Structures are given as structure tokens and as C-alpha cells.
Amino acid sequence: MSVALRILDDGAWLSVDDQRRVSVSELWRLDAPEFCDCDLVDFIAEGFTEVSADGREVAVTTYGKCIACGESGVPGRLPVGRIREGSYEGYDRQHVVLRPIERRG
Amino acid sequence: MPTDVERWKSEVYGNEIREHLFRFAEEGWESIPEDEHDAWFERFKWWGLYHQRNGQESYFMMRIGTPNGVLEPGQTEVVAEIADEYARGPETNPEFGDGYVDWTTRQSIQLHWIKLEDIPAIFEKLEANGLSTQQACGDSWRNIVGNPMAGKAPEFVDALPVIEELNETFKGNEDHANLPRKWKVSVTGSPDGSGQGDINDLALEPASKEIDGEEVRGFNVRVGGGLSRNEPRLARDIDVFVRPENAVEVAGGISALFREHGDREDRYNARIKFLVDEWGPEKLRRVLQEDFVDFELESAGEDIREQYTYNAGGEEHGDLIGVHEQRDGNYYVGLNVLVGRMGADDTLELARLAEEYGSGEVRISQRQNVMITDVPEADLDDLLDEPLLEDYSPDPHPFMRGSVACTGTEFCSLSIVETKNRQVRYARWLKENVDLPEGVEDFHIHLSGCTASCAQPQIADISLRGMKTRKDGEPVEALDIGLGGGLGENPQFADWVGQRVPADEVPGAIENLLATFEDNREGSETFREFIARHDEEELEEFIEPEETSYEDPYMHNTKMTWYPYAEDDDMDASPAPTDGDGNSIVADD
Ligand code: HEM
Ligand code: SF4
Ligand SMILES: [Zn+2]
């Protein structure tokens, strides 16, 4: 069964199967040393531009800012949850460190 | 590949959405198929309905479009009654209670907590009284704005008949119902620049032109303004003069050009401002002439932009607050509505005052305020003595008068911070604690919850927009602070010189900034002049955040709550979605 993934309202939220799952204004810790000089990026999500599913993992290309140093931009495709047996499970994004898919090599 | 939104629009869009909407309303919230929620909520916008944010499922914001902000006699009462009966949510707002009306920055009306099941009854009542939500949101002609006193206050050219004709032609017009993105139009006839044309997709601005030896008054055309997405643009001059009688054809031509050439592949790039970036005004004019109008366009006429005083940095308010004479010798009285929100009872009382002292008409400004029109001179004193005017003053303190705030985390899915209640608290604190420098009577502070810029922060003296930061290790709501914005002959967008200031330190920052201004002011220089003669680095130094006696109850991440002011604000405590009677519907999973 395929899962409908889309970004709506000018990048305000990620919809998975017509349910709002991730919203702008969340704060995430990122392991993305190319983005800024902070040890862990202290990232506020300001807008989503794309969503992708790599295997079972759902990732959103996100525009935002490091609230510690002020660097802004797109750190990459950030994994926010996964698809398991056809349904979506969001990661505990407030408590884990997210690593952009691009960094996984 | 077309976007999902374009695919949905190609299936069902425009007027026909209504029959589906009514069917769902009849059958109840749960009749909307679960896998079609996104599609239907996107479509409902065309009928003025925005699904409220996360945690408030099944509740809608409803926008009523009032062309040029004109509420005809009787209509204000209808709006008040609808707000009273239908715009009541499961919780109350500590500043505004329950059942309130928002007067918006585009001269529209917003109601919140609307239930799907009530929509047919609301539409029936609105339409029986000449009001409508059609195209109030969505990808089409939005509410047309201008100087709210068009037709009554002095004008260089009459704008209201043009606005009415455009509205009649393009509301519900199938050829213009499905545009690549929203289409915002401003038509101004008054000489002060108060239509805010510069920040609209299409602006008609007063101008004159000598044609066959005769002076003709009409409009110059500008295209591609807008504030959203961190990409503010001023509308650009396309070197076209249009006579009032040709306005429909030219505006329709430009809207058709947008329909055909706007970017439907990428919604971020869809607004016409990006097409103007890409093409330049010359190409836009050429394509318009070749493919979209049937007569020879005139080149631009002589504009009167040097006369623009509205939000031009001087001491003229231009906001129409207070008592002003109309062309016909009657008066209008502009009342300040702090952050544009008015309870249903007060709105009903406003309607009564308009009936009793004026013609019954009320008008809405782009500063979220209202005007009672057509008051005979002899009745002015009695009107000014009415108790309602104590709360909605015709002579407000500059900090109250200059406050504009968008919807924010209370209802809006894009928002990053709480806005309206916070701006109310800012304004009160500043009024109590900060003296404005000598002679400064006009001072605008606009707060937007995100970069969409609904509160138009980039054209205020102090521009505020939502951010987050950490304070003592904890994430808190914060604001970026911008300076240098304003309209007038030479409009300017603010530079964002203060970053991530914790929201409770913003009033202190404003206090310090005003003190810096007072200490370093040259002569009677205005605030805007003072800011303009400093460079970005100097301005950054002027931002000195500081804790003060101001207290902010919304420092926590209000977006993570289901409703920021609820006793138990945890997302899991949300009653939504609810049925037509407001009872929680238990989710299947
Ligand atoms: C995709 C989602 C949204 C976007 C991109 C958006 C963007 C905008 C923009 C750019 C403006 C006009 C600013 C200008 O004059 O240039 C505006 C107006 C406004 N929006 Fe939104 N907005 C969105 C959703 C919402 C929601 C969900 C609400 C409230 C529930 C809301 C409330 C307002 C208000 C109060 C105004 C000013 C009044 C008006 O247009 O008549 N917005 N919006
Ligand atoms: S500026 Fe942003 S937060 Fe405020 S109402 Fe507009 S979209 Fe919502
Ligand atoms: Zn950083």
C-alpha cells in the first residue's frame, strides 16, 4: 500500500495520508557540521520544501535557522519518521539528534 | 509534474466546490473521506474557509471579503450576529473572550472556530445580506483593497466604482477562478498613497495623462508586489495608464496573463512577483499588449506619488482614525481597534452607533481599524460621548494606534509565535512605561508570526516577526526586529537588524531604541529619517534587548499546544475533532 506524502500550505506542514504530522516551528537538534559551526545545530524548522521516502524513512527538505548562531538555510533532507507496516510513526524529534540523509554515505 | 494542489484544482475548483461543501456539512465532519482531507481543505479556501491548525481539527477560520472594506448598512450587525452565534470555540481567549470578529489588514473579516456543519446556515445569512466568502482565500482574485474612504473622502480619481466593477466581474468568474496562486489587487483614487498598492500583485494608482489635448484622470499600473516568504517585492511600474472605463479589461488581461504564464509547477515560485523578476516589466507589458488586451495600451501617465503621505514617515497619520470631513460635508469617525479584534457584543454596538449617528455603513482599513461614516456635524459630539469609544478610541495613544498583529499560533498553521495577545500586552506596557520623543505622534509596530507577513511588518517603524531562541537553555518564543520600513513616494522594506530577541525582552529593546533616537536625533528629524541615515551595523547596535517589568505569559512553545490559552494546553488534551455540537469525535486509530 502506498502512503501519500505531501507538503502543504506554503511549506507549513507535512501531511502523511491526509494527517498533519510535522509542523513548522519545531525545534530539532541536527548532526550537520556543514551547516554551521555549532557542535549540534540548534535548528528551528521554518518551512518545508519537499518530502521524500527513502526506503521506509520519511525525510523533509527543510528551510530553517540555527537559533544558537543564526546561520540559516537548508541543512538537507531531515528524517522525521518512518513507515511501518503501512502506517507512519514519527520520531521523537524533540529528544533525538537528526542527521541529514545526505550525510549517511 | 503538476503539484498535488494543481491536480486537485483541475478536478474540482471554483464555484462547484460549494455543492460538495454543503453536502459534507449536511452529512457531518466524518463524511469527508479521510484520504481526501488535504484535497478538500485546499479547495474550501476558495470559499473563504481555512482549516485551523494542528490540534484544532474540524474547526475553520472563515474570511468574508468586503471590497474596499465597505460594510453596507445592516451588514455589520449581521457579522456581529454570526460571530456571536457561530464563532465560539471550546476555550476562551484571555484578552478577547469568546465570539469575536477580526478586521484584517486586507480590509476583510475573519471569524474563527467555525464548524463545518454550520456553514450552510452562515452562508445563507451572509448572502441574504449581500455578503460573501467567495474567493476570500485560495488561488484567485482576493478581496480588493484601497483607501477605505473611497467615494467619501477627497480623491484624485473615483476608485470605488472601479473596485465595484472589478469585484462584480471577477468574483465567481470561471475564467479567472483558477489562477496559479492568490491574486491581490489594490485600487486607489485618493492622493495619499493609502491603498498600499506597492505591496499587491496588481496596483492601480492615481495618475493623469494628456490624451488628444485633454487631461484624462485614471490609473498607472504596477505589478508584482508582495511581502511573503522572506522575498518582499515592491510592485513594479509596467508603463501603462488605464482609464477608469478600461480598468476591467486591463486588469482582466493581466490576471489572464498570470493564469497562463504563472508557475504551476512550484507553488513557492508561483506569485506574479516572481514572473516579473524573471521577465522584467518590459516583457510583461509586451506580452500583455500582444496576447491579452484588444486595444492599444497607453504609456504611463503622470503619477502623484510625490504627494503620498500615508505611512511615509512624516507626522501625518493617514490612518483615518479620528474625526474627518467627507466631501459631502458630513463626517466620518475612525476608531482604533487594537490588533483588529472586536468582541461580538462590541461589534453589535458598533453597528448600532453606525445606524443611529451615520448611514449604518462601516468601513474597514488596512490597519485593522473601523470607520463610522456619514455622520452629520450636529451629531458628532453625541457619538464621541458613546461608551464604546472609550475602548475603541478616535484619539488613541500612538502605541495603541500603531499596533498591528496577525493571527499567529492561536489558529494559524504557519505561525512560529503567539501574536495578537502579545501585541496587546506590548502596546499597553509601552503606553504605561515609555515616552515617545518630542513630536512623535505616529509610530507603527507590526507583529507577524512568520515570514508570510500578514501583519505587513516590513512597512512599519518597528517590524517584528516570529522566531525562537534559547534563554537560560530553554527554548522560548522570540522575535526578529526590523527597522527602516515604510511606504510613501519611496517605499522601503525593513532591514532585519535584530535577530532572535526573546519575546519578553522586546519591549525593553523598543524602549532603548527610542531613547537612542532621542539622544542622537538631529533637530526634529523623524524616526524614519533617523533610521535611514544609519547603516546596518549601526542599526544592529541600536537593538539592545532587555528584561523590564513587562511580563510575557507566552514564552513557551505555544505552537506545541492545542490552544495556547487553555487551562490544559497539551496537544493530547484537545477536544478536536468535534462534531457539529462540539462533542469530541474519538479517532478510529
Ligand atoms: C498557506 C497558508 C498561509 C499563507 C501562505 C498566508 C499568507 C498570507 C499573506 C502573504 C497575507 C497578506 C499579507 C499582505 O498583505 O501582503 C495573508 C493575509 C492574512 N492571513 Fe494568511 N496565510 C496563510 C494562512 C493563514 C491562516 C491559516 C490564517 C488564520 C487562521 C491566516 C491569517 C491571515 C490574516 C489575518 C491576514 C490578513 C488579512 C487578509 O488577507 O484579508 N493566514 N496571509
Ligand atoms: S503572518 Fe504567518 S503566522 Fe501570521 S497569520 Fe500570516 S501566515 Fe499566520
Ligand atoms: Zn549554529
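This is a short tutorial dialogue on reading a predicted model with chains A and B and its ligands.

User: Let's start with the interface. How many residues does each chain put into the contact?

Analyst: Keep in mind that the model is predicted. Chain A brings 32 residues to the contact and chain B brings 38 residues.

User: And what do people use to say how big an interface is?

Analyst: The usual habit is to quote the accessible area lost when the parts come together. Here, chain A and chain B bury about 2600 Å² between them, and 44% of that is on carbon and sulfur atoms. On the chain A side, Asp10(A), Asp18(A) and Arg20(A) lose the most area to chain B, together 27% of what that side buries.

User: How many salt bridges are there between chain A and chain B?

Analyst: For a salt bridge, look for a side-chain nitrogen of Lys or Arg within 4 Å of a carboxyl oxygen of Asp or Glu. The count between these two chains is 7. One to pull up on screen is Arg181(B) with Asp10(A), where the closest N and O atoms are 2.8 Å apart. As for polar contacts, 17 residue pairs across the interface qualify, with both residues at pLDDT 80 or more.

User: Which elements of chain A give two or more residues to the side that touches chain B?

Analyst: They are strands S1 (5-8), S2 (13-16), S3 (19-23), S4 (27-30), S5 (41-54) and S6 (57-66) of chain A. The largest share, 5 residues, comes from S5(A). Sorted by class, that side of chain A has 13 nonpolar, 8 polar and 11 charged residues.

User: On to ligand 1. Why call its site shared?

Analyst: Check which chains the surrounding residues belong to. Residues from chains A and B surround ligand 1, so the site is shared between chains. There are 21 residues around it, and those that come nearest are Tyr50(B), Thr104(B), Lys184(B), Leu414(B) and Cys454(B).

User: Which polar atoms should I look at there?

Analyst: Try three side chains. Thr104(B) has an N or O atom 2.7 Å from an oxygen atom of ligand 1. A polar side-chain atom of Gln456(B) lies 3.2 Å from a ligand oxygen, and Arg63(B) has a side-chain N or O atom 3.2 Å from a nitrogen atom of the ligand. The elements that give two or more residues to this shell are strands S2 (59-65) and S5 (108-115) of chain B. By class, the shell divides into 7 nonpolar, 8 polar and 6 charged residues.

User: How does the shell around ligand 2 divide by class?

Analyst: Into 6 nonpolar, 6 polar and no charged residues. Its residues include Cys406(B), Cys412(B), Cys450(B) and Cys454(B), along with Leu414(B).

User: Now aromatic pairs. How do I read one?

Analyst: Look at the ring centres and the angle between the planes. The structure holds 31 aromatic pairs over all chains. Take Phe44(B) and Phe60(B): their ring centres are 6.1 Å apart and their planes are at 55 degrees, so the pair is tilted. Phe44(B) sits in helix H3 (residues 37-44) and Phe60(B) in strand S2 of chain B, so to speak linking distant parts of the chain, 16 residues apart.

User: Where should I look for backbone oddities?

Analyst: Two spots in chain B. The peptide bond from Ala576(B) to Pro577(B) is cis, with omega near -5 degrees, and Pro577(B) is in the segment after helix H16 (536-542). Ser58(B) has a positive phi of about 80 degrees although it is not a glycine. You'll find Ser58(B) in the loop between strands S1 (49-51) and S2 of chain B.

Terms used. Residues numbered from 1 in each chain as written. Chains lettered and ligands numbered in written order. Predicted model: local features only at pLDDT ≥ 70, side-chain atom pairs only at ≥ 80, totals over all residues. Heavy atoms only, no water. Contact = heavy atoms within 4.5 Å. Buried area = accessible area lost by both parts, 1.4 Å probe. Polar contact = N/O pair within 3.5 Å; in protein donor to acceptor, adjacent residues only side chain to side chain. Helix = DSSP H or I, 4+ residues; strand = E, 2+ residues; numbered from the N terminus. Nonpolar A, V, L, I, M, F, W, Y, C, P; charged D, E, K, R; others polar. Near = heavy atom within 4 Å. Phe/Tyr/Trp six-rings, centres within 6.5 Å; stacked < 30°, edge-to-face > 60°.
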